[in-house]
Amino acid sequence: MTLRLGIPKGSLQEATVELFHRAGWKVNISGRSYFPSIDDPGIHLTLLRAQEMARYVEQGLLDAGLTGYDWVIENGADVEILADLVYSKTGSGKARWVLAVPQDSPIKSGKDLKGKRIATEAVNLTKRYLEKNGVTDAAVEFSWGATEVKPPDLADAIVEITETGASLRENNLRIVETVLETNTKLIANRESLKDPAIRRKLEQIAMLLEGAILAQGKVGLMINVPRNKLDAVLGVLPALQKPTVSALTDPDWLDVIVVLDEKLARDLIPELKRIGASGIVELPLNKVIL
């Protein structure tokens, strides 16, 4: 069994390779090849634009792929979503498609788009949004890029993706409404999932990728704690779950293991030392599996 897996080319490419590395796979994209190598003989990778990933997964040309939820909706693809992967090279990893207009535009909501011209890369997504707002006579035009520069001369409004809205503001546009919130998903072909080996492999990938994302910005602390200081130590420890407390060979001491935000460690370690903890070890984390 070889899993045919698509990974996104473009803005998410570098971040995806890094995510797989932290999850335990080494991916190498060489030259202009669209077939990256991976140190797992059970996976065959194909590099594709996120915009068309869902279509190929739905058709069964790929068993699974990583793409934005927006492109699943845009393509109307009947696929199964296996994992919610919030990551990006920069920013939060979450984005939203918004309706934006010039600052002085009279448009205040989607209902004001009657008879208007809208530029966007997400044509089907925009048409669904218009239908929901009862607008049937607006013109939706596909935009190849630089969509922000089209109002007011080439379009009355745009539907564009943004994380912070900075580019829209720089182009004297204001956000009217959010059309769709989106982030990366691991999607799979429904027929492929009927193969137990493929489903098991994809569940493994989903678990480890989610674990790698959860570990971002986190560290582990291993702490030796006097038994009579345990309550004081636990009182200052934040954690994803309750800390792990284990007995040591010395009955007067305990071992405490905790996962926390890395930025907290610099202030927490001196406080733990002050309370009476010792042998404090800070560990980098690749994955956190809950």
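**View 1. Arg-199 and its partner in helix 6.** Arg-199 is partly exposed, with a relative accessible area of 30% (buried means under 20%, exposed over 50%, and partly exposed in between, with a 1.4 Å probe and protein chains only). Its side chain meets that of Glu-203 in a salt bridge at 3.7 Å, N to O (a side-chain nitrogen of Lys or Arg within 4 Å of a carboxyl oxygen of Asp or Glu). Both residues belong to helix 6 (residues 196–215), where they stand four residues apart, about one turn of the helix; helices (H or I, at least four residues) and strands (E, at least two) are DSSP runs numbered from the N terminus. Glu-203, at 46% relative accessibility, is likewise partly exposed. The model is predicted, so that local features need pLDDT of at least 70 and side-chain atom pairs count only at pLDDT 80 or more, while totals for chains, interfaces and linings use all residues. Residues are numbered from 1 along each chain as its sequence is written, and side-chain values use heavy atoms, with hydrogens and water left out.

**View 2. The salt bridge between Asp-261 and Lys-218.** The two side chains meet at 3.3 Å, N to O, and the pair links distant parts of the chain, with Asp-261 in strand 15 and Lys-218 in strand 13 (residues 218–226), 43 residues apart. Asp-261 is partly exposed at 29% relative accessibility, whereas Lys-218 is buried at 16%. The structure holds 12 salt bridges, and a network of them links Asp-78, Glu-80 and Arg-190.

**View 3. An open sheet of five strands with helix 4 packed on it.** The strand order is 9-8-10-7-11, with mixed pairing, where two strands pair if DSSP finds at least two bridges between them. Strand 9 (139–142) and strand 11 (173–182) are the edge strands, each pairing on one side only. From one strand to the next the twist averages 25°; axes are lines fitted to C-alpha atoms, for helices over the stretch in contact, and angles run from 0 to 180 degrees between N-to-C directions. Helix 4 (residues 123–132) touches strands 7, 8, 9, 10 and 11 (contact means heavy atoms within 4.5 Å), and its direction makes about 165° with that of strand 9. Strand 7 (residues 95–102) and strand 10 (residues 157–162) pair in the antiparallel sense over five bridges, and Ala-100 has Ile-158 in strand 10 as its bridge partner.

**View 4. The salt bridge between Glu-141 and Arg-117.** The closest N and O atoms of this pair are 2.2 Å apart. Glu-141 lies in strand 9 and Arg-117 in strand 8, so the pair ties together parts that are 24 residues apart in sequence. Glu-141 is partly exposed, with a relative accessible area of 33%, and Arg-117 is partly exposed at 37%.

**View 5. The surroundings of Ala-188 in strand 12.** Ala-188 lies in strand 12 (residues 184–188) and is buried, with a relative accessible area of 0%. Leaving aside neighbours within four places in sequence, its contacts include Val-57, Val-79, Leu-82, Leu-193 and Leu-202. The C-alpha atoms of Ala-188 and Ala-83 are separated by 9.9 Å, although these residues are 105 residues apart along the chain.

**View 6. Leu-61 in a loop.** Leu-61 lies between helix 2 (50–59) and strand 5 (64–68), and is exposed, with a relative accessible area of 51%. Not counting residues up to four places away in sequence, Leu-61 touches Arg-4 and Tyr-56; Arg-4 is 57 residues away in sequence and 8.0 Å away in space, C-alpha to C-alpha.
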